[in-house]
Amino acid sequence: MAELRPSVAPGPAAPPAPGPSASPAFASLFPPGLHAIYGECRRLYPDQPNPLQVTAIVKYWLGGPDPLDYVSMYRNMGSPSANIPEHWHYISFGLSDLYGDSRVHEFTGTDGPSGFGFELTFRLKRETGESAPPTWPAELMQGLARYVFQSENTFCSGDHVSWHSPLDNSESRIQHMLLTEDPQMQPVQTPFGVVTFLQIVGVCTEELHSAQQWNGQGILELLRTVPVAGGPWLITDMRRGETIFEIDPHLQQERVDKGIETDGSNLSGVSAKCAWDDLSRPPEDDEDSRSICIGTQPRRLSGKDTEQIRETLRRGLEINSKPVLPPINPQRQNGLTHDRPPSRKDSLESDSSTAIIPHELIRTRQLESVHLKFNQESGALIPLCLRGRLLHGRHFTYKSITGDMAITFVSTGVEGAFATEEHPYAAHGPWLQLQRHFLTCFPSPEVSFSPAIGGTTNDRGNPSVRSRTLPLPWEIKRQDMEGERHADATLQ
(Lines give C-alpha, C1' and ligand atoms only; values in the text may rest on other atoms or scores of the structure.)
Protein backbone atom coordinates (compact mmCIF):
# COMPACT_ATOMS: atom_id res chain seq x y z
CA MET A 1 0.00 0.00 0.00
CA ALA A 2 1.10 3.55 -0.67
CA GLU A 3 -0.20 6.99 0.12
CA LEU A 4 -0.04 10.31 -1.71
CA ARG A 5 1.19 13.38 0.12
CA PRO A 6 3.44 16.41 -0.30
CA SER A 7 7.06 15.38 0.05
CA VAL A 8 8.69 15.95 3.41
CA ALA A 9 11.60 14.36 5.13
CA PRO A 10 10.80 11.09 6.88
CA GLY A 11 9.79 11.26 10.50
CA PRO A 12 7.20 13.18 12.45
CA ALA A 13 6.83 16.93 11.99
CA ALA A 14 9.72 17.05 9.54
CA PRO A 15 10.38 20.24 7.57
CA PRO A 16 10.28 20.41 3.77
CA ALA A 17 12.76 18.44 1.70
CA PRO A 18 16.12 20.24 1.80
CA GLY A 19 18.05 21.56 -1.12
CA PRO A 20 21.65 22.71 -1.35
CA SER A 21 20.76 25.68 0.88
CA ALA A 22 19.48 23.57 3.77
CA SER A 23 20.89 24.38 7.18
CA PRO A 24 23.73 22.16 8.47
CA ALA A 25 21.65 21.19 11.50
CA PHE A 26 18.79 19.92 9.34
CA ALA A 27 21.11 18.21 6.85
CA SER A 28 22.68 16.24 9.69
CA LEU A 29 19.25 14.78 10.54
CA PHE A 30 18.23 14.05 6.97
CA PRO A 31 19.36 10.65 5.52
CA PRO A 32 22.46 11.55 3.47
CA GLY A 33 21.61 9.48 0.39
CA LEU A 34 18.09 10.91 0.28
CA HIS A 35 19.47 14.41 0.82
CA ALA A 36 21.84 14.08 -2.14
CA ILE A 37 19.07 13.05 -4.56
CA TYR A 38 16.74 15.75 -3.25
CA GLY A 39 19.52 18.25 -3.92
CA GLU A 40 19.55 17.26 -7.60
CA CYS A 41 15.75 17.54 -7.71
CA ARG A 42 15.90 21.02 -6.17
CA ARG A 43 18.48 22.03 -8.76
CA LEU A 44 15.98 21.24 -11.52
CA TYR A 45 12.85 22.38 -9.69
CA PRO A 46 13.79 25.20 -7.29
CA ASP A 47 10.18 26.43 -7.37
CA GLN A 48 8.77 23.04 -6.27
CA PRO A 49 10.31 22.31 -2.86
CA ASN A 50 7.36 20.11 -1.82
CA PRO A 51 6.12 18.11 -4.82
CA LEU A 52 3.44 15.50 -4.50
CA GLN A 53 4.95 12.21 -3.49
CA VAL A 54 3.85 8.58 -3.38
CA THR A 55 5.33 6.93 -0.34
CA ALA A 56 5.26 3.37 0.95
CA ILE A 57 3.18 3.23 4.13
CA VAL A 58 5.25 0.31 5.41
CA LYS A 59 8.84 0.68 4.27
CA TYR A 60 10.55 -2.23 2.56
CA TRP A 61 13.12 -2.44 5.34
CA LEU A 62 10.25 -2.87 7.82
CA GLY A 63 8.72 -5.75 5.88
CA GLY A 64 6.60 -3.78 3.40
CA PRO A 65 6.11 -4.95 -0.21
CA ASP A 66 7.31 -1.78 -2.00
CA PRO A 67 11.09 -1.39 -2.40
CA LEU A 68 10.88 2.32 -3.26
CA ASP A 69 10.49 4.47 -0.17
CA TYR A 70 9.28 7.43 -2.23
CA VAL A 71 8.40 8.50 -5.77
CA SER A 72 8.38 12.29 -6.19
CA MET A 73 6.29 13.87 -8.97
CA TYR A 74 7.24 17.23 -10.50
CA ARG A 75 5.57 19.42 -13.09
CA ASN A 76 7.98 20.14 -15.95
CA MET A 77 7.00 23.03 -18.23
CA GLY A 78 8.99 21.63 -21.18
CA SER A 79 10.09 23.85 -24.07
CA PRO A 80 7.62 24.40 -26.92
CA SER A 81 10.34 25.89 -29.14
CA ALA A 82 12.31 22.64 -28.83
CA ASN A 83 9.24 20.36 -29.32
CA ILE A 84 9.33 19.38 -25.64
CA PRO A 85 5.75 19.34 -24.27
CA GLU A 86 4.73 20.02 -20.70
CA HIS A 87 4.88 16.81 -18.71
CA TRP A 88 5.04 15.15 -15.30
CA HIS A 89 8.47 14.04 -14.12
CA TYR A 90 8.61 11.06 -11.71
CA ILE A 91 11.75 10.29 -9.69
CA SER A 92 12.27 7.23 -7.48
CA PHE A 93 14.05 6.93 -4.12
CA GLY A 94 15.17 3.53 -2.91
CA LEU A 95 17.14 1.63 -5.55
CA SER A 96 20.19 3.52 -4.29
CA ASP A 97 21.37 3.51 -0.68
CA LEU A 98 19.45 6.29 1.08
CA TYR A 99 20.50 5.58 4.66
CA GLY A 100 23.98 4.04 4.71
CA ASP A 101 23.25 1.84 7.72
CA SER A 102 22.76 -1.49 5.83
CA ARG A 103 19.02 -1.55 6.52
CA VAL A 104 18.48 -2.13 2.78
CA HIS A 105 21.78 -1.98 0.89
CA GLU A 106 25.25 -3.10 1.82
CA PHE A 107 27.66 -0.18 2.08
CA THR A 108 30.52 -0.72 -0.37
CA GLY A 109 32.33 2.61 -0.21
CA THR A 110 32.04 6.03 -1.79
CA ASP A 111 33.81 5.24 -5.06
CA GLY A 112 31.46 2.55 -6.36
CA PRO A 113 27.71 2.51 -6.95
CA SER A 114 25.29 3.42 -4.19
CA GLY A 115 23.01 0.43 -3.66
CA PHE A 116 22.11 -0.77 -7.13
CA GLY A 117 23.74 2.39 -8.51
CA PHE A 118 20.68 4.00 -10.09
CA GLU A 119 17.23 5.44 -9.57
CA LEU A 120 14.35 5.33 -12.06
CA THR A 121 12.64 8.32 -13.67
CA PHE A 122 9.65 8.63 -15.99
CA ARG A 123 8.30 11.51 -18.08
CA LEU A 124 4.57 11.43 -18.85
CA LYS A 125 2.94 13.96 -21.16
CA ARG A 126 0.54 16.20 -19.25
CA GLU A 127 -3.00 16.08 -20.55
CA THR A 128 -4.90 19.33 -21.14
CA GLY A 129 -6.59 20.44 -17.96
CA GLU A 130 -4.74 17.91 -15.80
CA SER A 131 -4.05 19.55 -12.44
CA ALA A 132 -2.31 16.67 -10.66
CA PRO A 133 -0.01 13.90 -11.86
CA PRO A 134 -1.49 10.39 -12.27
CA THR A 135 -0.09 7.96 -9.71
CA TRP A 136 0.02 4.81 -11.87
CA PRO A 137 3.64 5.49 -12.99
CA ALA A 138 4.68 5.17 -9.34
CA GLU A 139 3.26 1.63 -9.21
CA LEU A 140 4.96 0.84 -12.51
CA MET A 141 8.27 1.95 -11.01
CA GLN A 142 7.58 -0.12 -7.90
CA GLY A 143 7.03 -3.15 -10.14
CA LEU A 144 10.39 -2.69 -11.84
CA ALA A 145 12.05 -2.09 -8.48
CA ARG A 146 10.56 -5.32 -7.11
CA TYR A 147 12.11 -7.18 -10.05
CA VAL A 148 15.51 -5.62 -9.33
CA PHE A 149 15.37 -6.39 -5.61
CA GLN A 150 14.08 -9.93 -6.04
CA SER A 151 16.45 -10.93 -8.85
CA GLU A 152 19.31 -8.52 -8.04
CA ASN A 153 19.58 -7.98 -11.80
CA THR A 154 20.40 -4.40 -12.70
CA PHE A 155 19.28 -2.20 -15.60
CA CYS A 156 21.38 -0.12 -17.92
CA SER A 157 20.74 2.33 -20.75
CA GLY A 158 19.44 0.59 -23.88
CA ASP A 159 17.77 -2.26 -21.98
CA HIS A 160 14.21 -3.21 -22.87
CA VAL A 161 11.39 -4.56 -20.70
CA SER A 162 8.66 -6.71 -22.28
CA TRP A 163 5.51 -5.80 -20.35
CA HIS A 164 2.75 -7.00 -22.73
CA SER A 165 0.08 -4.79 -21.22
CA PRO A 166 -0.74 -1.07 -21.45
CA LEU A 167 1.43 0.65 -18.88
CA ASP A 168 -1.59 2.49 -17.44
CA ASN A 169 -4.01 -0.47 -17.74
CA SER A 170 -5.96 1.31 -20.46
CA GLU A 171 -6.34 0.42 -24.15
CA SER A 172 -3.10 2.17 -25.09
CA ARG A 173 -0.61 0.75 -27.60
CA ILE A 174 2.22 1.72 -25.22
CA GLN A 175 2.81 -1.71 -23.71
CA HIS A 176 6.57 -2.06 -23.26
CA MET A 177 9.55 -0.06 -22.04
CA LEU A 178 13.04 0.99 -23.04
CA LEU A 179 15.54 2.50 -20.62
CA THR A 180 17.87 5.41 -21.22
CA GLU A 181 19.73 8.14 -19.33
CA ASP A 182 17.50 10.91 -18.01
CA PRO A 183 18.21 14.00 -20.16
CA GLN A 184 18.23 16.41 -17.19
CA MET A 185 19.19 14.47 -14.07
CA GLN A 186 22.96 14.40 -13.56
CA PRO A 187 24.78 11.59 -11.71
CA VAL A 188 24.96 12.31 -7.98
CA GLN A 189 27.85 11.57 -5.66
CA THR A 190 26.49 10.54 -2.28
CA PRO A 191 28.37 9.51 0.88
CA PHE A 192 27.45 5.92 -0.06
CA GLY A 193 28.48 5.92 -3.73
CA VAL A 194 27.36 7.22 -7.11
CA VAL A 195 23.73 7.33 -8.27
CA THR A 196 22.73 7.65 -11.93
CA PHE A 197 19.20 8.16 -13.26
CA LEU A 198 17.62 5.81 -15.80
CA GLN A 199 14.49 7.02 -17.54
CA ILE A 200 11.65 4.67 -18.48
CA VAL A 201 10.38 5.23 -22.04
CA GLY A 202 7.06 3.69 -23.06
CA VAL A 203 7.05 2.06 -26.52
CA CYS A 204 4.74 0.06 -28.80
CA THR A 205 5.17 -3.64 -29.51
CA GLU A 206 6.62 -3.02 -32.98
CA GLU A 207 9.21 -0.66 -31.52
CA LEU A 208 10.16 -3.21 -28.87
CA HIS A 209 10.67 -5.88 -31.53
CA SER A 210 12.91 -3.54 -33.52
CA ALA A 211 14.96 -2.83 -30.39
CA GLN A 212 15.41 -6.57 -29.90
CA GLN A 213 16.33 -7.21 -33.53
CA TRP A 214 18.70 -4.22 -33.71
CA ASN A 215 19.49 -2.41 -30.46
CA GLY A 216 17.75 -0.28 -27.89
CA GLN A 217 19.94 2.76 -28.36
CA GLY A 218 19.16 2.87 -32.07
CA ILE A 219 15.40 2.85 -31.49
CA LEU A 220 15.74 5.48 -28.77
CA GLU A 221 17.52 7.75 -31.24
CA LEU A 222 14.69 7.27 -33.74
CA LEU A 223 12.11 8.10 -31.06
CA ARG A 224 13.99 11.32 -30.33
CA THR A 225 13.59 12.42 -33.95
CA VAL A 226 9.79 12.00 -33.91
CA PRO A 227 8.21 14.67 -31.65
CA VAL A 228 4.90 12.84 -31.15
CA ALA A 229 6.73 9.63 -30.24
CA GLY A 230 8.95 11.08 -27.53
CA GLY A 231 10.98 13.94 -28.93
CA PRO A 232 14.35 15.04 -27.53
CA TRP A 233 13.48 14.16 -23.94
CA LEU A 234 11.65 10.90 -24.79
CA ILE A 235 8.38 11.86 -23.09
CA THR A 236 5.83 9.05 -23.02
CA ASP A 237 2.40 9.86 -24.46
CA MET A 238 -0.05 7.12 -23.54
CA ARG A 239 -2.49 8.45 -26.17
CA ARG A 240 -0.04 7.88 -29.02
CA GLY A 241 -1.87 5.69 -31.51
CA GLU A 242 0.84 5.18 -34.15
CA THR A 243 4.27 3.61 -34.07
CA ILE A 244 7.25 5.52 -35.44
CA PHE A 245 7.16 3.17 -38.44
CA GLU A 246 3.56 4.11 -39.18
CA ILE A 247 4.39 7.79 -38.78
CA ASP A 248 7.45 7.48 -41.05
CA PRO A 249 7.49 4.18 -43.03
CA HIS A 250 11.02 4.85 -44.27
CA LEU A 251 12.45 4.41 -40.78
CA GLN A 252 11.97 0.62 -40.86
CA GLN A 253 13.78 -0.01 -44.14
CA GLU A 254 16.30 2.81 -44.16
CA ARG A 255 17.31 2.73 -40.51
CA VAL A 256 16.28 -0.44 -38.72
CA ASP A 257 16.69 -3.05 -41.48
CA LYS A 258 19.93 -1.46 -42.60
CA GLY A 259 21.14 -1.34 -39.00
CA ILE A 260 20.36 -5.02 -38.49
CA GLU A 261 22.20 -5.88 -41.70
CA THR A 262 25.30 -3.82 -40.92
CA ASP A 263 25.43 -3.86 -37.12
CA GLY A 264 23.51 -6.96 -36.15
CA SER A 265 21.90 -7.01 -32.72
CA ASN A 266 23.59 -6.08 -29.47
CA LEU A 267 21.12 -8.20 -27.51
CA SER A 268 23.30 -11.10 -26.41
CA GLY A 269 20.88 -12.97 -24.20
CA VAL A 270 17.49 -13.16 -22.52
CA SER A 271 15.93 -14.75 -19.46
CA ALA A 272 13.54 -17.41 -20.71
CA LYS A 273 11.58 -20.54 -19.95
CA CYS A 274 13.71 -23.01 -21.81
CA ALA A 275 15.08 -26.53 -21.51
CA TRP A 276 17.26 -28.99 -23.38
CA ASP A 277 17.58 -32.75 -23.57
CA ASP A 278 20.51 -34.87 -24.73
CA LEU A 279 18.96 -37.39 -27.12
CA SER A 280 22.27 -39.11 -27.84
CA ARG A 281 21.68 -41.66 -25.11
CA PRO A 282 19.60 -41.89 -21.93
CA PRO A 283 20.98 -40.50 -18.68
CA GLU A 284 23.17 -42.91 -16.76
CA ASP A 285 21.82 -41.91 -13.36
CA ASP A 286 19.69 -39.34 -11.59
CA GLU A 287 22.65 -37.02 -11.18
CA ASP A 288 23.48 -36.97 -14.90
CA SER A 289 22.81 -33.43 -16.12
CA ARG A 290 22.42 -34.42 -19.77
CA SER A 291 18.64 -34.38 -19.37
CA ILE A 292 17.32 -30.98 -18.34
CA CYS A 293 13.52 -30.89 -18.38
CA ILE A 294 10.89 -28.41 -17.32
CA GLY A 295 9.37 -29.66 -14.10
CA THR A 296 12.52 -31.38 -12.83
CA GLN A 297 15.21 -29.90 -10.64
CA PRO A 298 18.33 -29.28 -12.73
CA ARG A 299 21.83 -29.37 -11.40
CA ARG A 300 23.00 -25.89 -10.49
CA LEU A 301 25.80 -24.19 -12.34
CA SER A 302 29.15 -23.92 -10.66
CA GLY A 303 30.38 -20.48 -9.75
CA LYS A 304 32.79 -20.46 -12.68
CA ASP A 305 30.09 -21.51 -15.15
CA THR A 306 27.82 -18.78 -13.82
CA GLU A 307 30.59 -16.20 -14.19
CA GLN A 308 31.21 -17.29 -17.77
CA ILE A 309 27.55 -16.95 -18.75
CA ARG A 310 27.18 -13.67 -16.89
CA GLU A 311 30.25 -12.20 -18.57
CA THR A 312 29.03 -13.40 -21.95
CA LEU A 313 25.74 -11.60 -21.46
CA ARG A 314 27.44 -8.49 -20.11
CA ARG A 315 29.59 -8.20 -23.20
CA GLY A 316 26.55 -8.42 -25.42
CA LEU A 317 24.81 -5.57 -23.62
CA GLU A 318 27.61 -3.30 -24.74
CA ILE A 319 28.02 -2.01 -28.30
CA ASN A 320 30.35 -4.82 -29.16
CA SER A 321 31.97 -6.09 -32.27
CA LYS A 322 34.23 -8.70 -30.70
CA PRO A 323 32.81 -12.23 -30.95
CA VAL A 324 34.23 -13.36 -27.63
CA LEU A 325 33.03 -15.84 -25.07
CA PRO A 326 35.08 -15.56 -21.88
CA PRO A 327 37.62 -18.36 -21.39
CA ILE A 328 37.43 -20.45 -18.26
CA ASN A 329 39.27 -18.24 -15.81
CA PRO A 330 38.94 -18.44 -12.03
CA GLN A 331 40.18 -14.87 -11.70
CA ARG A 332 37.44 -13.35 -13.87
CA GLN A 333 35.86 -10.29 -12.34
CA ASN A 334 32.33 -10.49 -10.97
CA GLY A 335 29.82 -7.89 -12.05
CA LEU A 336 28.57 -5.62 -14.76
CA THR A 337 31.30 -3.19 -13.79
CA HIS A 338 34.49 -4.32 -12.15
CA ASP A 339 33.78 -2.27 -9.04
CA ARG A 340 30.33 -3.77 -8.41
CA PRO A 341 30.24 -5.84 -5.21
CA PRO A 342 29.82 -9.61 -5.57
CA SER A 343 26.43 -9.50 -3.83
CA ARG A 344 24.84 -7.76 -6.83
CA LYS A 345 23.96 -9.74 -9.95
CA ASP A 346 24.17 -8.68 -13.55
CA SER A 347 21.41 -9.15 -16.10
CA LEU A 348 20.23 -12.77 -16.39
CA GLU A 349 22.44 -14.18 -13.65
CA SER A 350 20.99 -17.21 -11.92
CA ASP A 351 19.58 -17.19 -8.41
CA SER A 352 22.53 -19.07 -7.04
CA SER A 353 26.15 -19.37 -8.00
CA THR A 354 26.91 -22.01 -5.41
CA ALA A 355 28.64 -25.02 -6.93
CA ILE A 356 27.08 -28.36 -6.06
CA ILE A 357 29.77 -30.26 -7.93
CA PRO A 358 33.34 -28.91 -8.22
CA HIS A 359 33.92 -27.23 -11.57
CA GLU A 360 36.92 -29.43 -12.33
CA LEU A 361 34.79 -32.60 -12.07
CA ILE A 362 32.29 -31.49 -14.72
CA ARG A 363 33.68 -32.53 -18.06
CA THR A 364 32.70 -31.06 -21.39
CA ARG A 365 30.69 -33.59 -23.39
CA GLN A 366 30.09 -33.72 -27.14
CA LEU A 367 26.50 -34.58 -28.04
CA GLU A 368 25.07 -36.16 -31.17
CA SER A 369 21.46 -34.98 -30.87
CA VAL A 370 19.75 -32.41 -28.69
CA HIS A 371 16.16 -31.37 -28.06
CA LEU A 372 15.52 -27.67 -27.32
CA LYS A 373 12.37 -26.24 -25.76
CA PHE A 374 11.50 -22.54 -25.52
CA ASN A 375 8.42 -20.66 -24.44
CA GLN A 376 6.70 -18.89 -27.32
CA GLU A 377 8.26 -15.46 -26.95
CA SER A 378 11.76 -16.87 -26.55
CA GLY A 379 11.30 -19.11 -29.58
CA ALA A 380 10.32 -16.08 -31.63
CA LEU A 381 13.76 -14.60 -30.88
CA ILE A 382 15.53 -17.43 -32.73
CA PRO A 383 15.58 -15.42 -36.00
CA LEU A 384 17.22 -12.60 -34.05
CA CYS A 385 19.78 -15.08 -32.76
CA LEU A 386 20.55 -16.23 -36.30
CA ARG A 387 20.30 -12.99 -38.26
CA GLY A 388 21.38 -10.43 -35.70
CA ARG A 389 24.03 -12.39 -33.82
CA LEU A 390 25.44 -15.55 -35.41
CA LEU A 391 25.70 -14.13 -38.92
CA HIS A 392 27.74 -11.29 -37.42
CA GLY A 393 30.16 -13.63 -35.67
CA ARG A 394 28.61 -13.27 -32.23
CA HIS A 395 26.79 -15.40 -29.69
CA PHE A 396 23.35 -15.52 -28.05
CA THR A 397 22.34 -17.07 -24.73
CA TYR A 398 19.01 -18.19 -23.30
CA LYS A 399 19.26 -18.25 -19.49
CA SER A 400 16.59 -20.32 -17.76
CA ILE A 401 14.42 -18.55 -15.20
CA THR A 402 13.28 -21.87 -13.73
CA GLY A 403 16.72 -23.30 -12.96
CA ASP A 404 20.45 -22.82 -13.38
CA MET A 405 20.62 -23.85 -17.02
CA ALA A 406 21.64 -21.99 -20.19
CA ILE A 407 21.67 -22.51 -23.95
CA THR A 408 24.24 -20.53 -25.94
CA PHE A 409 24.43 -20.34 -29.73
CA VAL A 410 27.97 -19.47 -30.85
CA SER A 411 29.60 -18.59 -34.15
CA THR A 412 32.72 -20.11 -35.64
CA GLY A 413 35.77 -18.52 -34.10
CA VAL A 414 34.18 -17.27 -30.89
CA GLU A 415 36.95 -17.46 -28.33
CA GLY A 416 36.27 -19.61 -25.30
CA ALA A 417 33.51 -21.71 -26.90
CA PHE A 418 33.62 -25.45 -26.25
CA ALA A 419 31.30 -26.28 -29.17
CA THR A 420 33.28 -26.67 -32.41
CA GLU A 421 32.61 -27.28 -36.10
CA GLU A 422 33.54 -30.94 -35.58
CA HIS A 423 31.30 -31.23 -32.52
CA PRO A 424 28.60 -28.55 -32.94
CA TYR A 425 26.70 -29.64 -29.81
CA ALA A 426 28.58 -29.63 -26.51
CA ALA A 427 27.60 -29.35 -22.87
CA HIS A 428 29.45 -28.36 -19.74
CA GLY A 429 27.22 -29.39 -16.88
CA PRO A 430 23.82 -27.79 -17.59
CA TRP A 431 25.31 -25.21 -19.99
CA LEU A 432 24.67 -26.25 -23.60
CA GLN A 433 26.46 -24.65 -26.54
CA LEU A 434 25.50 -24.99 -30.21
CA GLN A 435 28.00 -24.01 -32.88
CA ARG A 436 26.84 -22.04 -35.90
CA HIS A 437 28.26 -24.80 -38.11
CA PHE A 438 25.16 -26.89 -37.30
CA LEU A 439 23.18 -24.55 -39.60
CA THR A 440 24.92 -26.11 -42.60
CA CYS A 441 24.32 -29.65 -41.44
CA PHE A 442 20.59 -29.74 -42.04
CA PRO A 443 18.08 -28.75 -44.71
CA SER A 444 16.27 -25.45 -44.11
CA PRO A 445 12.55 -25.95 -44.67
CA GLU A 446 10.17 -23.01 -44.51
CA VAL A 447 8.30 -23.60 -41.26
CA SER A 448 5.16 -21.75 -40.17
CA PHE A 449 5.51 -20.31 -36.69
CA SER A 450 2.38 -18.52 -35.42
CA PRO A 451 1.93 -16.29 -33.55
CA ALA A 452 5.33 -14.65 -33.77
CA ILE A 453 5.13 -13.51 -30.16
CA GLY A 454 3.08 -15.31 -27.57
CA GLY A 455 3.22 -16.16 -23.87
CA THR A 456 5.47 -14.15 -21.63
CA THR A 457 7.18 -14.96 -18.37
CA ASN A 458 5.41 -12.17 -16.48
CA ASP A 459 1.92 -13.31 -17.53
CA ARG A 460 0.90 -9.77 -18.40
CA GLY A 461 -0.94 -10.62 -21.58
CA ASN A 462 -0.72 -12.50 -24.84
CA PRO A 463 -1.03 -10.06 -27.73
CA SER A 464 -2.17 -11.29 -31.12
CA VAL A 465 0.51 -10.96 -33.77
CA ARG A 466 0.37 -11.89 -37.43
CA SER A 467 1.92 -15.24 -38.26
CA ARG A 468 5.06 -15.34 -40.35
CA THR A 469 7.13 -17.99 -42.05
CA LEU A 470 10.63 -18.57 -40.73
CA PRO A 471 13.41 -20.33 -42.65
CA LEU A 472 14.81 -22.56 -39.92
CA PRO A 473 17.05 -25.63 -40.08
CA TRP A 474 14.84 -27.68 -37.83
CA GLU A 475 11.20 -28.41 -37.32
CA ILE A 476 9.36 -26.06 -35.00
CA LYS A 477 6.00 -26.94 -33.60
CA ARG A 478 3.76 -25.54 -30.93
CA GLN A 479 2.85 -27.54 -27.89
CA ASP A 480 1.19 -26.81 -24.59
CA MET A 481 3.58 -27.29 -21.69
CA GLU A 482 2.70 -26.03 -18.21
CA GLY A 483 -0.05 -23.89 -19.66
CA GLU A 484 2.16 -22.07 -22.19
CA ARG A 485 2.84 -22.57 -25.86
CA HIS A 486 6.44 -23.42 -26.56
CA ALA A 487 8.71 -23.59 -29.56
CA ASP A 488 10.02 -27.11 -29.77
CA ALA A 489 13.17 -27.78 -31.79
CA THR A 490 14.98 -31.07 -32.31
CA LEU A 491 18.49 -31.11 -33.77
CA GLN A 492 20.06 -34.39 -34.81
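**Cores, a buried strand and a buried glutamate**

Leu-120 touches Tyr-90, Ile-91, Ser-92, Leu-95, Met-141, Leu-144, Leu-179, Leu-198 and Ile-200, leaving out residues up to four places away in sequence. Apart from the core around this residue lies another, of 25 residues. Val-270, Trp-276, Leu-367 and Phe-396 are among its members. The model is predicted.

The largest nonpolar core has 30 residues. Within this core, Leu-95 and Leu-120 have the most contacts. Several elements give two or more residues to the core: strands S3 (70–76), S4 (87–93), S5 (113–125), S7 (176–181) and S9 (193–203), together with helix H3 (136–151). H3 supplies the largest share, seven residues.

Strand S11 spans residues 274–278. Five of its five residues are buried, so the strand is largely enclosed by the rest of the structure. Both faces of S11 are covered. Cys-274, Trp-276 and Asp-278 are buried on one side. Ala-275 and Asp-277 are buried on the other. S11 pairs with strand S14 (residues 370–375) in the antiparallel sense, over five bridges. In this pairing, Asp-278 of S11 stands opposite Val-370 in S14. Trp-276 also belongs to the core of 25 residues.

A further buried site lies in helix H4 (residues 205–213), the place of Glu-207. Glu-207 has a relative accessible area of 0%, and is therefore buried. Beyond its neighbours within four places in sequence, Glu-207 is in contact with Ile-219, Leu-223, Arg-240, Thr-243, Ile-244 and Phe-245.

Conventions. Residues are numbered from 1 along each chain as its sequence is written. This is a predicted model: local features need pLDDT of at least 70, side-chain atom pairs count only at pLDDT 80 or more; totals for chains, interfaces and linings use all residues. Side-chain values use heavy atoms; hydrogens and water are left out. Helices (H or I, at least four residues) and strands (E, at least two) are DSSP runs, numbered from the N terminus. Buried means under 20% relative accessible area, exposed over 50%, partly exposed in between (1.4 Å probe, protein chains only). Contact means heavy atoms within 4.5 Å. Two strands pair if DSSP finds at least two bridges between them. A nonpolar core is a set of buried Ala, Val, Leu, Ile, Met, Phe, Trp, Tyr and Cys residues joined through side-chain atoms within 4.5 Å.
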